Structures are given as structure tokens and as C-alpha cells.
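Me: Got a minute to go through the pockets in this one with me?

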Amino acid sequence: MIDSVKVFAPASVANLACGFDILGLALEAPGDEIIARFNPESKELKIVSITGDEGRLPRDIESNTAGFAAHQFLNSINYNGVGIDLEIHKKMPFGSGLGSSAASAVGAVFAVSQLLGGQWTKNDLLPFAVLGEQQADGAYHADNVAPSLFGGIVLIRDNHSLDVMQLPVPDDLTVAVIHPQIEILTKEARSILASTVPLRDHIVQSGHLGSFIVGLYTNDFERIHKSVVDVVIEPQRARQIPHFYTVKSIVEKLGALGCSISGSGPSIFAFCRGVDQAGFIAERMGDVYGAHGIAVDIFSGKINTQGVQTIE
Ligand code: HSE
């Protein structure tokens with residue numbers, strides 16, 4: 001029997017412009033590493049170490065996203081075996097719009113389930129990881145959790161019943177992501193949103209959402225480009241992100257296939273064609289912030305089609 005499991009849970013880009021709370025994709029990097037280990041000396045689930053958080057995350061199981069998610073899972077299976085220790089290695093920025101809390105929740109639930117024999121499907125684990133995310137931002141939505149868990153590009157028909165499906169990922173479709181080092185908490189970025197959508201915006205947004213999905217199914221990059229549009233959320237959140245419209249206009253001129261806010265921001269993503277273009281565009285996005293003395297993290301590459309995985 002194994003006594004320890006280490007997993008990698010990827011970061012994710014939620015919303016993808018036209019799908020607020022219902023679309024997301026997984027990145028190849030960054031991501032969190034979570035270790036789950038049996039501890040015969042204990043009877044409890046415990047967080048024994050967190051690195052990469054500068055001491056900011058709670059160590060208490062019920063207040064920590066990863067701990068809470070894993071605990072909910074263990075309760076659901078009536079686990080009463082020996083204690084389990086969790087190590088959480090944060091390898092991505094918080095409050096970045098890259099699904100940091102979702103990755104921790106996914107990593108913890110997956111690591112614990114693998115430690116206990118791995119007889120649960122990812123669909124079985126999804127609700128517990130979403131509960132962890134909800135503990136962090138107060139809302140029950142799977143648009144970061146589901147891509148981090150399953151990989152690829154994910155559509156959520158309904159967040160309550162977690163009716164989630166994976167969409168096709170065109171081979172050459174890549175992403176450039178930039179994280180300007182300012183922090184925006186999802187809870188706050190959600191609280192500024194208007195609670196109603198004008199009918200005309202709903203019509204425009206629905207058209208783009210449907211068309212984006214058709215673009216993925218038909219490998220139609222032109223259609224994808226035309227459809228990565230957000231007339232509902234982006235205009236409300238962009239003002240929180242300095243230089244957002246400068247980045248967006250540069251990226252469009254460089255031939256990206258659309259650009260918008262990653263999740264609740266401040267990260268910005270652009271769809272690209274091929275890894276070279278994604279790398280180049282990510283660098284140019286970084287230049288905008290460099291010119292204003294704002295530090296950035298830059299990521300680019302293919303879409304991660306595997307999702308969370310065991311690495312040791
Ligand atoms: N859909 C969520 C939002 C993603 O934009 O608020 C961030 O967790």
C-alpha cells in the first residue's frame with residue numbers, strides 16, 4: 001500500500017470572455033503541488049505545511065480551501081482510518097484570476113482520493129473541490145475547479161447540479177497569460193458586478209458563446225476570434241485593471257485570437273495560434289506593464305488537456 005501521494009493541480013482561466021461562470025480552461029503552468037500522506041500517529045486530517053504563501057493562508061482545516069475540500073470528501077465517504085497529513089505547495093500567485101484556490105481544492109481532494117486507492121472518478125470528486133472554492137470566494141461555481149480537475153476547455157451547463165462537459169481543444173490553440181502583480185480578490189470582483197444584464201447585452205453575449213463553442217468543434221480559428229467577446233462583465237471589471245485596454249489593443253494588432261480578463265482578474269489572457277505566437281504575445285503584454293514599472297508573471301503555451309495528475 002502506498003503511504004504518500006504527490007499531485008500537480010493546474011491553474012486555470014475562467015470565463016473565456018463570453019462564458020461568465022460557465023467556461024474555463026486549464027493551463028500547463030503554473031499549478032499547485034499537494035502531498036497527502038498517512039500519519040498513523042494521528043486520527044485527523046491535518047495541514048502540516050504550506051509553502052509559497054508567505055504565511056497568509058490559514059492552517060486550520062475548516063478555514064483552508066484545500067483542507068475544507070478534502071475534509072468534505074472524507075466526511076462523505078465516512079472515512080475513519082488513520083490520520084492524513086497534507087502539504088500544500090503554492091506555486092502560483094493568489095488573487096490573480098488564475099484559479100489559485102480552485103487548484104488547491106482540486107489538488108487536495110484528488111491527492112486524498114488517490115491515497116485512499118483512487119476508486120473515485122473525477123466527476124465524483126468535483127462537488128467537494130467546488131465546496132472548497134466556495135469556501136474561498138463565497139460563490140458555488142465550477143469554472144476554475146472543473147478545468148483544473150478534468151483539463152481542457154470545460155463548459156458548465158449548470159453550476160448547481162455541476163453538469164459539466166469537456167469541449168474539443170483545437171490542436172494549435174494556445175494561450176498567453178499575463179499577471180500584473182496587483183491583487184484582486186474574487187469575492188470583491190464579484191461584489192462590484194451589476195445583478196442584472198440588459199436584454200440587448202444578453203443577446204450579444206449568447207450569440208458569442210454559442211459561436212465560440214461551434215468554433216471549437218469545427219476548428220474554426222476565425223470564428224473563435226470573432227467570438228471571444230465579453231459585453232457584460234469585462235466593461236465592469238476592466239477599470240480595476242490598469243492598462244487593460246492598452247494590452248488588449250496591442251494583442252489584437254499582433255494577431256491574437258481574442259483577449260479578455262482571466263477569471264476575476266487582474267490576469268489577462270489572449271488566445272493564440274501555436275506556442276511561438278503565444279510566447280511572443282505574452283512577452284509584449286508584459287512590456288506594457290514593464291513600461292509602467294509594474295512587475296508581471298508571464299505564462300504561455302498549450303492548453304493542459306489532462307488536468308490534475310499524480311506526479312509521485
Ligand atoms: N467566474 C468567476 C468570476 C471566476 O469571474 O468571478 C473567478 O473565480
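Me: What volume does the largest pocket have?
Reply: About 660 Å³. A pocket here is an open set of points on a 1 Å grid over the protein atoms alone, where a 1.4 Å probe fits, with protein on both sides within 12 Å along at least five of seven lines. The volume is the space filled by probe spheres set on the points, joined across faces, edges and corners.

Me: Which residues are closest to its centre?
Reply: Gly-95, Ser-101, Ala-136, Leu-185 and Thr-186, out of 38 lining residues (those with an atom within 4 Å of a point).

Me: Is this a predicted model, and what's the numbering?
Reply: It's predicted: local features need pLDDT of at least 70 and side-chain atom pairs 80 or more, while totals for chains, interfaces and linings use all residues. Residues count from 1 along each chain as its sequence is written, and side-chain values use heavy atoms, without hydrogens and water.

Me: Which helix gives the largest share of that lining?
Reply: α3, with 4 residues. Helices are DSSP runs of H or I, at least four residues, numbered from the N terminus.

Me: Where does the largest pocket lie?
Reply: Between domain 1 (4-167 + 305-310) and domain 2 (173-302), because both give residues to its lining. The bounds come from an automatic or database domain assignment.

Me: And the second largest pocket, what's its volume?
Reply: About 160 Å³. Its lining includes Cys-18, Phe-20, Asp-201 and His-202. Domains 1 and 2 both contribute to that lining, so the second largest pocket lies between them too.

Conventions. Helix = DSSP H or I, 4+ residues; strand = E, 2+ residues; numbered from the N terminus.
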